[in-house]
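Visitor: I am new to this structure and would like a close look at a single part of it. Could you take me through the salt bridges, one pair at a time?

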Amino acid sequence: MNGSQVTVVVITIGSRDQKGLMAFRRRLAGLTNKMTSGGPTSLKKAMTWYYGEDGPVSFKNASAGYYKGMDDIRPALPGIFEEVLTVPGLIFQINTLGGTISSDVESACPHRAFSYLGESQAYWESPSRAHVLLQAAGRMRQHIAQAGVTNHYANYPDLAFADWPTAYYGAENYARLQQLKQRYDPENRIRHPQSVRLPS
């Protein structure tokens, strides 16, 4: 969702009929005034759609939290909508999870039971727009935190997250990661502002 439209992208691997994609497409058609559809495409060709742009892009993307359902994020939506509708260049995106992602496997990512992952995105071409967009992204972060959403995706990091170790990994998982850090990187050679810390 940006300031002018809501975009729903539906992609699947395998038979469109078997996955229920065509039935969903028909339901979606009744809710929108514009729809485009692509046929089956090879993975090699499809990957080129995500190659990005030539040259640098100025942006800030960050996790907007994990949700089990609409009730988790509902209190934050009025504030999020206000920001997105009034600040050009700001986007709020929700990705669906489930499937293999939610398999009960042991990993450093503890949030596999959640069905949705939010993402805030801010893009600007003029440096003069950066401050406005970064402030708006910060307000979105506050709306989400005030709604009680505290679990976040480590690959959409934000230095402003409170208690980022727990937000990204969960307290128990983070303690285990610290033990691995102690074993394999005792001199803390691999470090950045949100890297796993050595145990104290």
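Guide: Let us begin with Glu83 and Arg139, whose side chains meet in a salt bridge with an N to O distance of 2.8 Å. The two partners come from distant parts of the chain, 56 residues apart: Glu83 sits in helix H4 (residues 77-86), and Arg139 belongs to helix H5 (residues 130-146). Please keep in mind that you are looking at a predicted model. Now see how much of each partner is open to the outside. Glu83 has a relative accessible area of 7%, so this residue counts as buried. Arg139, with 33%, is partly exposed. The idea behind such pairs is a simple one: side chains of opposite charge can pair when their charged atoms come close.

For another pair, turn to Asp71 and Arg74. Their side chains also form a salt bridge, and here the N to O distance is 3.1 Å. Asp71 is exposed, because its relative accessible area of 59% is over the 50% cut-off. Arg74 has a relative accessible area of 45% and is partly exposed.

The next stop is Lys181, which deserves some extra time. You can find Lys181 in helix H7, a stretch that covers residues 171-184. Its salt-bridge partner is Asp185, and the closest N and O atoms of the two are 2.7 Å apart. Is this lysine buried or exposed? At 8% relative accessibility, Lys181 is under the 20% cut-off and therefore counts as buried. Asp185 is buried as well, with a relative accessible area of 8%.

Stay with Lys181 a little longer and look around its side chain. A polar atom of that side chain lies 2.5 Å from the backbone oxygen of Ile190. Which other residues does Lys181 touch, leaving aside its neighbours within four places in sequence? Along with Ile190, the contacts of Lys181 are Pro186, Asn188, Val196, Arg197 and Leu198. Within this neighbourhood, then, Lys181 has a salt bridge to Asp185 and a polar atom 2.5 Å from the backbone oxygen of Ile190.

To finish, here is the wider picture. The model has six salt bridges by the rule used here, and the ones we visited include Glu83 with Arg139, Asp71 with Arg74 and Asp185 with Lys181. Elsewhere, salt bridges that share partners join Lys60, Arg141 and Asp158 into one network.

Methods
Residues are numbered from 1 along each chain as its sequence is written. This is a predicted model: local features need pLDDT of at least 70, side-chain atom pairs count only at pLDDT 80 or more; totals for chains, interfaces and linings use all residues. Side-chain values use heavy atoms; hydrogens and water are left out. Helices (H or I, at least four residues) and strands (E, at least two) are DSSP runs, numbered from the N terminus. Buried means under 20% relative accessible area, exposed over 50%, partly exposed in between (1.4 Å probe, protein chains only). A polar contact is a pair of N or O atoms within 3.5 Å; within protein, one must be able to donate a hydrogen and the other to accept it, and residues adjacent in sequence count only if both atoms are side-chain atoms. Contact means heavy atoms within 4.5 Å. A salt bridge is a side-chain nitrogen of Lys or Arg within 4 Å of a carboxyl oxygen of Asp or Glu.
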